[in-house]
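Got your viewer ready? Let's take a walk through this one, stop by stop, picking residues as we go.

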Amino acid sequence: MVIPFRRAERADAPWIRTRLRSAPAAALALALLVAVTACLAAAFPRALERYEDAGLRHSVEQVPHFRSVVTLTAPAPLPNLPPEQREQALRPATVKRDYDSILGTVRRPFVPDPGQSSYGVVTSVNQAVPEPWVPRPSGLPARVALVAQAGLADHARLREGRLPRASGTVTTTTPEVEAAVSAETAKSLHITVGSVLHVPGAGRDALAVRITGLVEPRDREGAYWATDTLMRTPVLMRVAPVDPESPRYWLGALLLPPEAAPALLGTEGRPYRYWRLAPDPDTLRHRDLAALKSALAALVAGPDLQRIRTATDPLTDADTRLDDVLDSYSGLHAGVSPLIAVAAFGSGTVAVVVLALAAGLAADRRRTELALLRARGASLAGLAARLLAETAVVAVPAGALGLAVALWALPGAQALPAVLAALAVTVFASAALPLRGAAAHRLVRVPALRQDVTSVRPSRRRTVAELTLVAVAAGAVVTLRRQGTSGGSGDQLISAAPVLVGVIAALLLVRLYPLPLRGLAGPAGRLRGVVSHLALARAGRGSASAVLPLLALLTALTTASFGGSVLAGIGETRDHSALLAVGADARLESTAVPLPTGLADRVRRVSGVRDVAAVSIAYQAKPDDGRRSVPVVGVDPVGYAELTRRTGLGAFSEGAVKKGRAGSGTGAVLPAVASPSVADAHGSSPFPVTMEDGSTVTVRIVLVRDITPAVPGADFLVVDRAGLGATAAKPTTLLVTGPEADGRALREAAADAVSVRLRADERARYVDSPLQSGVEHLYTAAVAAGAGYAVLALLLSLLRAAPERVALLARLRTMGLTRAQGRRLLVLESLPQAVLAAAGGVLTGWCAIRLLAPGMDLTAVALPSSVAATKQTLLSPDPWSLTVPTLAVVAMTVGIAAVQAWWAGRRGAVRELRAGDAR
């Protein structure tokens, strides 16, 4: 049998598989870099959105419910209408139908919480009840509000008796109805099950209200009970609220069944219908904030209200203070947005530079290979396509993995921003190497053996491009400096400020720093030994591609310095505000009676207490004619003066208020330290002050200070306690010095009659919103990520020069260079660039902070909206934040160079000096 001849087919090895098998470590490193970067890029918008949503929900939940609930009200039908029509309007079926129509009209994203929203009928005029057994503190009869709110059985627990109900059809002339009261109301008004209260009628006999049960709220702080707290808690009212001596009377609420609402028409209570819509916190999203404000505006005074009036009553009105809450949150968000933008832009720029450096390192390692492919006929497009394919096969799965981790770790946020961020990272990582390779090999030529500035000088195009970039960055910086940081188009410039300053500094320093080094190389050549001269000469040549590593380091250092200064400023603001509120590290105060005898000695023995200043404070002291109250602080001059110097709150010397300075004896004039407002009102002439115990002292203002530790307000007088009467001189407050004072021991020593406030507790209270704490966490994480990428950029830049350095050491060892000299050579060669980066980092950080400081107020981040800031807190450079990162860069550079020299010394010189090696 004849076997036919077949030509053997040549099997070409696939390019991508061959490249991955030849360099698995490089592929794994690229995959890890892309996965981590994509994960961080995808996690940032999701984490920010979660913090924003939590901050919005917290802003709505922390305010009283009467500020967050949307209330719609409609008066009872006019008296000239038929009684049946008026009664029908108040019956539960009608009110419920109107409630359903209102819910159908409300537009998203405002979503009412069905469990906490309520509706019903209530009297607008509180009615006096004549029962003699109801307490009368000032002889005035108690008053009650009649409330027929739906859903009582679902929101209350029956404590005694049964829930009220209506027998038959209730009308305007019904003589008696049933009601329940809360346990608190029953206790205060002495009401028991079976009690009957008589509410005056309108043109008829009094309406008898029989109490059938006592109830307790299931959710005391929920909107159902807390929107109108009178339903659960009675109030001891005054006839004239502004007069503390005005007669008082009790005011409570009687909870009627909804079916009994028509009976309210027979009283003088002027009943009205209401529908209270409590927002559902779980549906509040920051991304819907603008739409939420629009929906509220339409509901309160827009087309939605007109539709509701058509469905319910032409006189229906709506009111809410939720829009004020949303505006307050918007102000907080506007205050923290620039900080987040700076962190995101700075860290993102460093990450992009690191990806570009990784691509540059790969392109440099394969420079000979790619040049050979071009010399053998590979087209530029084909070469770029091959590089893109081999990079994408690694980067795309890694980017997808990073995105999946971010989505899994941070649920509950939009996926689109995370997907776009991870996609951008993946695309850039895939395209960086092809673009770098295509740019380096667009012309077919033999690769240069050296890549420093002596052999590869910047082209004219590059020089023009750098000058243009510097001019644009400088123009943006000048514009930002002139316009400030308040909204508008300046937001983008705020975000790019560290990068803009870093670009200017990097381009200028790379061009300028070789000049002084070359100048120093000459004098160093006259020294003994060649190490110093050779190190300066090599450092002076520099690298033709040193802009990216320097830009990464400068941007990271600027972002870290800026972030550290921001966090330090926030901490200082909170510390100062807490100190103003407390007056010292701890404050023990009794406003009603003097402090117990011996309390000061017991407090001094508490662990962590360094000093105690006892003062007496008369908050109701009245100077001159007694029309205005001014707090008078009686102090021990020595101890209190030391406290003012230690805290920096209105410091003065002990002789300023010491008794005897303005005279001695009975009726002597006491020198006083006063606030500016008190000093303006009374001048420097002596004037009498009537103390709370009725005694009178004469004081003369000798010194003016804006603040003082004992009194947080703007009005005060500080005098020597020895010049006051026996009663007025008794201490009422202890100001304790000791940051580590044991708070629990202080409270035990103070007992129940004395209030204890700690500066640390007050400071902790200032972290009010999750958005505030979230901004701090995100900024810290962004700075840490930027620092990590900066370290990676430093490593990549050193790895890029590692083969040439190792070969140099091998050649120098054949000439007699010792290992110690080799280590010193690499360290000295790296030191100028490290010092350059450190000095540039300090300069750029300082410039960025000074640039943004005039328009950046840290008060919104540092303090909650409930705390009134005494002054605007501007950003200022923090010395530690400027110096510590830069010193870390220098130390790390020196350490890496030393490790590189040690590793090169362990390898033999034969391998590095092989014939034909292009290094």
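Start by selecting E178, which is buried, at a relative accessible area of 15%. (Buried means under 20% relative accessible area, exposed over 50%, and partly exposed in between, with a 1.4 Å probe and protein chains only.) Before you go on, keep in mind that this is a predicted model: local features need pLDDT of at least 70, side-chain atom pairs count only at pLDDT 80 or more, and totals for chains, interfaces and linings use all residues. Residues are numbered from 1 along each chain as its sequence is written, and side-chain values use heavy atoms, with hydrogens and water left out.

**Stop 1: the salt bridge at E178**

Now add R162 to the selection. R162 and E178 form a salt bridge, with their closest N and O atoms 2.7 Å apart. (The rule for a salt bridge: a side-chain nitrogen of Lys or Arg within 4 Å of a carboxyl oxygen of Asp or Glu.) The two partners come from distant parts of the chain, 16 residues apart: E178 sits in strand β6, and R162 in the loop between β5 (156-161) and β6 (176-182). Helices (H or I, at least four residues) and strands (E, at least two) are DSSP runs here, numbered from the N terminus. Unlike buried E178, R162 is partly exposed, at 29%.

**Stop 2: more salt bridges**

How many salt bridges does the count come to? It comes to 21, so let's just visit a few more. Select D304 and R307: this pair forms a salt bridge as well, with the closest N and O atoms 2.3 Å apart. Both residues are in helix α10 (residues 303-311), and being 3 residues apart there, they are separated by about one helical turn. D304 is buried, at 1% relative accessibility, while R307 is partly exposed, at 44%.

Next, pick R747 and D761, another salt bridge, whose closest N and O atoms are 3.2 Å apart. R747 belongs to helix α23 (residues 743-750) and D761 to helix α24 (residues 759-765), so this pair ties together parts that are 14 residues apart in sequence. R747 is partly exposed at 39%, and D761 is partly exposed at 39%.

For a group rather than a pair, select D611, E642, R645 and R646, which are linked in a network of salt bridges.

**Stop 3: aromatic pairs**

Switch to rings: the structure holds 4 aromatic pairs. Show Y99 and Y119, a stacked pair at 4.6 Å centre to centre, with 25 degrees between the planes. (Rings of Phe, Tyr and Trp, the last by its six-membered ring, pair if their centres lie within 6.5 Å; planes under 30 degrees apart count as stacked, over 60 as edge-to-face and the rest as tilted.) Y99 is in helix α5 (residues 92-105) and Y119 in strand β2 (residues 118-123), so the pair ties together parts that are 20 residues apart in sequence. Both count as buried: Y99 at 7% relative accessibility and Y119 at 16%.

Then jump to Y224 and W225. Their ring centres are 5.6 Å apart and their planes are at 70 degrees, so this pair is edge-to-face. Y224 is buried, at 1%, and W225 is buried too, at 1%.

**Stop 4: a negative patch**

Turn on the surface and colour by charge. Which residues gather in a patch of negative charge? They are D317, D319, D323 and D324. (A patch is made of residues with over 30% relative accessible area and no salt bridge, with like charges joined within 9 Å.) For the charges, Lys and Arg count as positive and Asp and Glu as negative, leaving out His and the chain ends; the place of a charge is NZ of Lys, CZ of Arg, CG of Asp or CD of Glu. Accessible areas come from the Shrake-Rupley method with a 1.4 Å probe, and for residues, only the protein chains shown count as cover.

Colour β12 (317-319) and α11 (322-365), and you'll see that each supplies at least two residues of the negative patch. D317 lies in strand β12 and is partly exposed, at 40% relative accessibility.

**Stop 5: two long-range neighbours**

Finish with a couple of C-alpha distances. Pick Q62 and S769: they are 707 residues apart along the chain, and their C-alpha atoms are separated by 9.5 Å. Q62 is in helix α2 (residues 24-62) and is partly exposed, at 40%.

Last, select G738 with A584. This pair is 154 residues apart along the chain, with 8.4 Å between the C-alpha atoms. G738 lies in the loop between β21 (733-737) and α23. Is G738 buried or exposed? Buried, with a relative accessible area of 3%.

Methods:
Patches are made of residues with over 30% relative accessible area and no salt bridge: like charges are joined within 9 Å, nonpolar side chains (Val, Leu, Ile, Met, Phe, Trp, Tyr) within 5 Å.
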